[in-house]
Amino acid sequence: MADQTHVLRAGGAALTIVPENGCRIGSFTVDGVELLRQGSHYGSFPMVPWCGRTKNGQFRNGDTVHQMPQDAAPHAIHGTGRNTVWHAAPGATDALAGFYYDLVEPWPYPGRVTQLFELTESDLTITLGVETYGDSFPAQAGWHPWFLRNLGKGGQDAQPSFTPAWQEERGEDHLPTGRRIDPKPRPWDDCFGMPDGVDVTLTWPGELKLRITSPAEWVVVYDEQPEAVCVEPQSGPPNGLNSDPRLVTPIDPLEVSTTWAWESLG
């Protein structure tokens, strides 16, 4: 049986959300042109309650060490939300929809994750929230969109443009070493610091310009595969549950948003 989908439309934009497959965006088209790599593992998925790799699948909360599945051995990667069935929240419209799921094993703390999609004729805003039902715990939230490198209309490949304050030095284990270095040229599978907020533009010359922004201060850019370019705003760096923990407390939930704004160049 095929996954159930929820479609939002505004002007020439259409967004297909697949709540049964990690509440990922399965398709995002502007004027009929697909911008996301297709496939059940691609599109754009939320990374929650952690982003990127967590070292050896372990994180500490106080004196307690927790073990997550090592699905990118020896590390745990991209959280559990992308492999979870989400539920639709009431109040959806043609251009707005919300979804949620409750945190369960292997995540050791009870809580709820929410995701809200708001589509207009010129932009899409997505908001992720994480709240606890009890004890405080460290968490992260972000997104992993697979933007097509080439839109398939005979045009040029996407050109990323951004000005980070630094690049996190990447060790042989693919985790940040803790050193901040000057940004290196592509190709990248790297985390960058943008303390004034994420601001990255993808330009398909003569076709489309897409600006990805977020109040989050970290972005991973991955362009080592020929099919796609990933621009991943996130609330903390890879392994941040350990190196830069942000506690979710009963009075201080985690909330982060991102906006994709597009402009036709054709």
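Where does Pro 74 lie? In this predicted model, Pro 74 is placed in the loop between β8 and β9. Strand β8 covers residues 64-67, and β9 covers 76-77. The peptide bond leading from Ala 73 into Pro 74 is cis. Its omega is near 5°.

A cis peptide bond also joins Val 48 and Pro 49. Here omega is about 5°. Pro 49 belongs to a loop as well, that between β5 and β6. The flanking strands span residues 44-47 for β5 and 53-54 for β6.

Backbone phi values were then examined. Asn 56 is not a glycine, yet its phi is positive, at about 55°. Asn 56 sits in the loop between β6 and β7, the latter strand running over residues 58-61. Strand β6 thus borders the loop of Pro 49 and the loop of Asn 56. Is Asn 56 buried, exposed or partly exposed? The relative accessibility of Asn 56 is 30%, so this residue counts as partly exposed.

His 78 also has a positive phi without being a glycine. The angle is about 65°. His 78 is located in the loop between β9 and β10, where β10 comprises residues 87-88. Strand β9 borders this loop and also the loop that holds Pro 74. Is His 78 buried or exposed? The relative accessible area of His 78 is 12%. His 78 is therefore buried, because the cut-off for burial is under 20%.

Terms used:
Residues numbered from 1 in each chain as written. Predicted model: local features only at pLDDT ≥ 70, side-chain atom pairs only at ≥ 80, totals over all residues. Heavy atoms only, no water. Helix = DSSP H or I, 4+ residues; strand = E, 2+ residues; numbered from the N terminus. Buried < 20%, exposed > 50% of the residue type's maximum accessible area, 1.4 Å probe, protein only.
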